[in-house]
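Here are some worked exercises on how chains and domains pack against each other. Grab your viewer and work along.

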Amino acid sequence: MAKSNKPILWLPFAGGGLVAALITPVLILITGILVPLGVIHLNYETIAAFAHHPIGKLILFGAVALPAWHAAHRLRMTAHDLGLGGGGVKAACYGTAWLVILVAAGALIAT
Amino acid sequence: MSRRPYVRKIERNWWLQHPRYVAYMIRELTSLFVGLYCALLAIGLVRLAQGHAAWDGFVAAFSSPPGVVFQWLCLVFAIYHSVTWFALTPKAMPLMVKGEPVPGKLIVGAHYVAWAAVSAVVLMAAGV
Amino acid sequence: MSETITLEVLRYRPETDSEPHFQRYTVPYRDDWVVLDALNHIKDNLDATLSYRWSCHMAVCGSCGMTINNEPKLSCHTFLRDYRGGVIRVEPLDHFPIERDLVIVMDSFMEKLSGVKPWLIPKQEKPLSDGEYLQSPAELNVFHQYTQCINCVLCYAACPQVGLNEDFVGPAALALAHRYNLDSRDGGKGARADVVASNEGIWECTFVGACSQVCPKQVDPAAAIQQTKISASVDWLKDLLTPGAHR
Amino acid sequence: MDVIEIDVAIVGAGGAGLRAAIAVAEADPTLTQALISKVYPMRSHTVAAEGGAAGVIKDNDSLDNHFHDTVSGGDWLCDQDAVELFVNTAPLELLQLEHWGCPWSREANGKVAVRPFGGMKIERTWYAADKTGFHILHTLFQTSLKYPSIKRFDEYYSTDLIVEDGRCTGVIGIEMRSGRMVAFRARAVVIATGGAGRIFPFTTNGAIKTGDGMAMAYRAGVPLKDMEFMQYHPTGLPGTGILITEGSRGEGGILVNKDGYRYLQDYNLGPPDPWPRKKAMELGPRDRLSQAFWHEQQKGRTIKTPHGDVVHLDIRQLGEKMINERLPMVRELAKAYVGVDPVHELIPVRPVVHYTMGGIHTDIDTATSLPGLFAAGECACVSINGANRLGSNSLAEIVVFGARAGRSAAAFAKAHPKPAAAAKAAEAAQANLRELFAREGGSDTVSSLRKAMNDTMESGAGIYRSEDTLRQTCGVLADLRARYRKIQLQDRSNVFNTDLIQTLELGCMLDVAEAMAHSALERKESRGSHQRLEYPKRDDASYLKHSLARYRDAGPPSISYLDVVITKSPPAERVYGGAAT
């Protein structure tokens with residue numbers, strides 16, 4: 001048995017799991033409850049300014065890319081658990097994650 | 001040869017056959033909602049890059065009733081993810097201090113503190 | 001009439017049965033009896049053809065693992081009193097071929113166990129005349145929990161990944177590898193990584209955690225595997241950054 | 001019948017068998033080996049040993065101390081040359097286990113820790129919490145995996161030795177999973193199959209300890225030595241017979257009767273204070289403690305329970321932290337099996353059959369009287385335990401003499417030619433089995449005969465024996481052996497037929513039980529674990545001798561005697577308690 005390169009997949013999965021655990025709920029709290037209820041306003045200028053700053057870009061990218069990878073990896077494993085395996089599932093999961101990651105990266109570069 | 005070992009194949013619905021496997025499957029399913037929400041955020045970043053009007057449209061869209069319902073669902077699963085993730089941290093990252101293991105509860109507790117701190121910072125940054 | 005309890009035991013006799021089927025036995029109920037005592041009562045008094053493994057009757061030899069009411073358990077450590085008034089369903093452990101009745105085929109496990117090189121590979125060999133390798137109680141404490149495995153394979157029966165992929169090295173073997181990797185006297189982590197950190201090793205685990213829940217000795221294989229994932233990832237990164245410098 | 005040609009065949013894969021296998025591999029890796037066991041190695045009963053293994057390692061101790069403790073502990077029935085060899089080698093073998101990874105408990109400075117044990121003048125018992133046997137067994141098993149020459153035959157039940165031209169040339173076994181018979185043709189054979197505690201009804205011994213190896217050698221003409229000496233461990237859990245380690249007394253536990261009185265002070269083991277104290281009170285030898293229980297029971301000072309009379313073991317004074325650290329399994333077992341948490345409550349205990357001091361007669365090199373046959377461990381009697389084994393000597397014994405057996409067998413195998421085909425022995429074994437399968441009309445069952453054997457051994461050959469009880473037991477055993485020859489299998493299948501295995505085991509136990517009972521009947525004295533009510537004194541003039549029981553197919557064994565080897569310790573009175581310190 002050869003030593004595996006699984007850490008490429010697993011490290012961002014584990015990192016993404018932690019990021020998702022720490023930050024995703026509060027983000028949903030804001031976008032899903034507080035903003036719709038009018039408790040806070042996400043005005044364009046503030047957000048855009050944040051997204052302009054290099055550190056802001058990094059934070060936003062991390063908050064999207066890592067959990068996205070986490071989700072893709074876990075979904076692939078779950079598909080396997082359910083008896084759905086093979087290259088198709090793998091491509092669909094990681095492909096979607098890459099799409100989300102690249103879209104986010106592109107948007108942040110453009111901002 | 002009189003041996004004839006009987007092999008039982010695992011059934012496709014194996015995860016329904018014990019409560020702990022059901023709980024595991026729910027835990028794994030959280031990733032679907034985390035992933036979908038990430039996609040929503042990615043769209044948000046695109047709209048942000050496209051300018052003021054696009055951003056406002058995006059805010060209106062996720063504040064719409066379907067958007068809100070979807071996000072509530074995401075929130076429930078995201079919290080379930082957080083809770084289960086933190087619960088497993090002492091196993092993955094046990095700590096030893098002076099030759100004695102740090103109690104798992106302490107490690108889990110530290111994650112909850114971090115969770116609260118991160119959430120507070122994000123909320124403040126968002127203008128609460 | 002004194003109290004009784006019913007056992008439904010999965011029978012499979014390869015020379016006469018085409019497939020397994022349940023057989024019911026009624027045995028006396030005793031507060032301090034374990035399921036194994038009930039099986040022995042059946043064997044001695046009701047049906048001598050029932051086959052199962054057992055020896056120590058004190059939860060340390062690891063022979064008598066069975067599925068008892070859908071839960072992998074040591075039958076010598078599972079009390080009738082916890083099932084009073086109900087029916088006890090006894091089956092062989094999941095994810096192993098059934099040799100006969102409650103006896104499973106253990107070959108795959110024995111191969112996996114030896115595959116992870118579960119012996120001390122000293123950092124530095126020294127002769128016996130130099131005395132013992134020093135090891136502080138704190139250093140012992142680091143791996144002590146992982147020395148407690150009795151090879152009862154309940155964890156293999158509980159782990160869905162073992163069921164889904166028969167090549168998965170599995171919880172007990174990986175926990176044992178971790179035990180030696182953590183031993184302050186040992187330097188064999190690299191040698192074990194070939195199997196431990198392979199695709200069929202730690203990476204097959206999705207942290208269901210069932211192995212640790214059913215472990216009768218609180219070995220916590222799930223913890224061992226997650227820790228190994230982290231340490232294998234660190235080693236992998238090191239290898240990536242400074243190729244050939246490690247192992 | 002399938003034939004497997006091999007240089008060394010080892011029967012039994014517990015501590016002694018595994019250690020022997022490793023020794024063979026290290027002596028010469030080109031020697032082929034078959035390690036044959038009726039269970040997977042890690043199920044072997046070494047796994048259940050708790051307290052520890054004795055070996056001199058600390059500066060305050062000496063090999064002489066260990067020697068004298070062992071010889072007096074054995075009531076001078078030990079062969080002193082064997083004991084000298086044993087105490088000299090034990091530290092090295094225990095150290096070897098350390099080098100193989102055994103997780104010995106440690107002192108703060110990183111050195112191996114030792115604890116006091118019964119009958120030992122100084123603390124010298126190495127321990128791994130209270131699962132020492134478990135850790136030794138798993139260390140040996142895991143270490144054995146790295147030697148490619150050790151080929152295991154797990155779950156093969158050995159039935160007969162192959163003997164040709166006065167030499168042991170192999171062993172015949174049944175592959176349990178298929179029912180197939182296999183002949184292992186070997187240049188040398190080692191038996192390491194453990195004791196025979198299952199002959200008695202109430203025992204710490206696991207189900208597998210049925211004296212198979214002893215019986216196999218015995219039937220092949222090798223005498224069984226000192227079979228009248230059966231050790232009762234003073235602290236077993238009522239009902240199950242689960243062992244509560246002597247380590248619990250070594251750490252400071254006490255025994256009290258129904259009045260809360262430390263009764264051992266009434267039996268030449270006191271005074272009770274100060275406590276803990278070596279070779280006194282609860283740290284007296286096992287034979288004395290079990291006999292004291294018997295006397296308390298006669299006086300009506302024990303506690304009645306549904307599982308027989310008990311006394312109480314009190315370890316509460318150790319405190320929760322110490323109990324969790326040093327005696328975790330004791331706590332776990334007491335909680336699970338008798339519903340008592342020893343941190344807060346008293347543990348009910350009673351004497352329980354624990355260890356077979358006697359066994360296959362071997363010399364100091366583990367060789368038996370049959371060339372090519374070696375034996376080590378509890379199944380053997382190299383005579384280091386004499387009339388009473390000291391706790392923690394047996395775990396050291398299995399590695400010392402297991403290794404020695406491996407080396408002896410390897411040397412023998414290299415010096416002797418490959419045996420000829422064993423067609424005759426194979427045919428005979430196969431015919432026996434075929435006859436057993438074909439037998440019809442028997443009315444006895446394995447369980448009923450076994451129960452009758454258990455009962456008669458307990459009532460007639462227990463802690464105290466007499467001419468009457470022993471004669472009766474011998475008679476019952478003769479009857480049981482006759483009935484056994486007509487027993488009918490209830491399961492005639494081939495695959496994992498445990499009815500068959502239990503039947504064969506019962507046959508072994510009956511033979512060994514008969515050797516025990518007749519040896520006990522002939523020894524008209526009291527020594528160590530053998531206590532005769534009508535001969536309460538030790539009689540060195542007549543019985544400073546080993547008994548040798550020889551098998552006779554029809555009728556009881558013949559008993560003869562062999563002188564004890566005395567080198568430097570002339571027989572003296574055994575002294576414990578105040579006078580010992």
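**Exercise 1. How many residues do chain C and chain A each bring to their contact, and what does that interface look like?**

Step 1: count. Chain C puts in 20 residues and chain A puts in 13 residues, where contact means heavy atoms within 4.5 Å.

Before going further, some ground rules: this is a predicted model, in which local features need pLDDT of at least 70 and side-chain atom pairs count only at pLDDT 80 or more, while totals for chains, interfaces and linings use all residues. Residues are numbered from 1 along each chain as its sequence is written, chains are lettered from A and ligands numbered from 1 in the order in which they are written, and side-chain values use heavy atoms, with hydrogens and water left out.

Step 2: get the area. The size of an interface is often given as the accessible area lost when the parts come together. Here, chain C and chain A bury about 1,600 Å² between them, with 66% of it on carbon and sulfur atoms; buried area is the accessible area (1.4 Å probe) that two parts lose on being put together, summed over both. On the chain C side, C:Leu164, C:Trp203 and C:Trp236 supply 36% of the area buried against chain A, more than any other three residues.

Step 3: look for polar links. There are zero salt bridges between chain C and chain A, a salt bridge being a side-chain nitrogen of Lys or Arg within 4 Å of a carboxyl oxygen of Asp or Glu. Polar contacts do turn up: four residue pairs across the interface of chain C and chain A, both residues at pLDDT 80 or more. For that term, we need a pair of N or O atoms within 3.5 Å; within protein, one must be able to donate a hydrogen and the other to accept it, and residues adjacent in sequence count only if both atoms are side-chain atoms.

Step 4: assign the elements. Those giving two or more residues to the chain C side are α5 (160-164), α7 (189-196) and α9 (221-241) of chain C. Of these, α9(C) gives the most, with seven residues. Helices (H or I, at least four residues) and strands (E, at least two) are DSSP runs, numbered from the N terminus.

Step 5: sort by class. The chain C side divides into eight nonpolar, five polar and seven charged residues. The scheme counts Ala, Val, Leu, Ile, Met, Phe, Trp, Tyr, Cys and Pro as nonpolar, Asp, Glu, Lys and Arg as charged, and the others, Gly among them, as polar.

**Exercise 2. Why is chain A more spread out than a compact globule?**

Step 1: list the elements. Chain A has four helices and zero strands, running α-α-α-α from the N terminus on.

Step 2: compare radii. The radius of gyration of chain A, taken over C-alpha atoms, is 17 Å, well over the 13 Å that the globule rule gives for 111 residues, so chain A is more spread out than a compact globule. That rule is 2.2 Å times the number of residues to the power 0.38.

Step 3: check the box. Along the principal axes, the C-alpha atoms of chain A fill roughly 55 × 30 × 20 Å.

**Exercise 3. Which chains have the most contacts among the five pairs that touch?**

Step 1: pick the pair. Chains C and D come out on top. Chain A and chain D, on the other hand, do not touch, and their nearest C-alpha atoms are 18 Å apart.

Step 2: describe the winner. In this pair, 63 residues of chain D are in contact with 63 residues of chain C. Together they bury about 5,200 Å², 54% of it on carbon and sulfur atoms. D:Arg43, D:His99 and D:Tyr337 supply 14% of what chain D buries against chain C, more than any other three residues.

Step 3: count the polar links. The interface of chain D and chain C has six salt bridges; D:Glu155 forms one with C:Arg53, the closest N and O atoms being 2.7 Å apart. Residue pairs in polar contact come to 35 across this interface.

Step 4: find the main element. α4(D) provides the largest share of the chain D side, six residues. By class, that side has 25 nonpolar, 21 polar and 17 charged residues.
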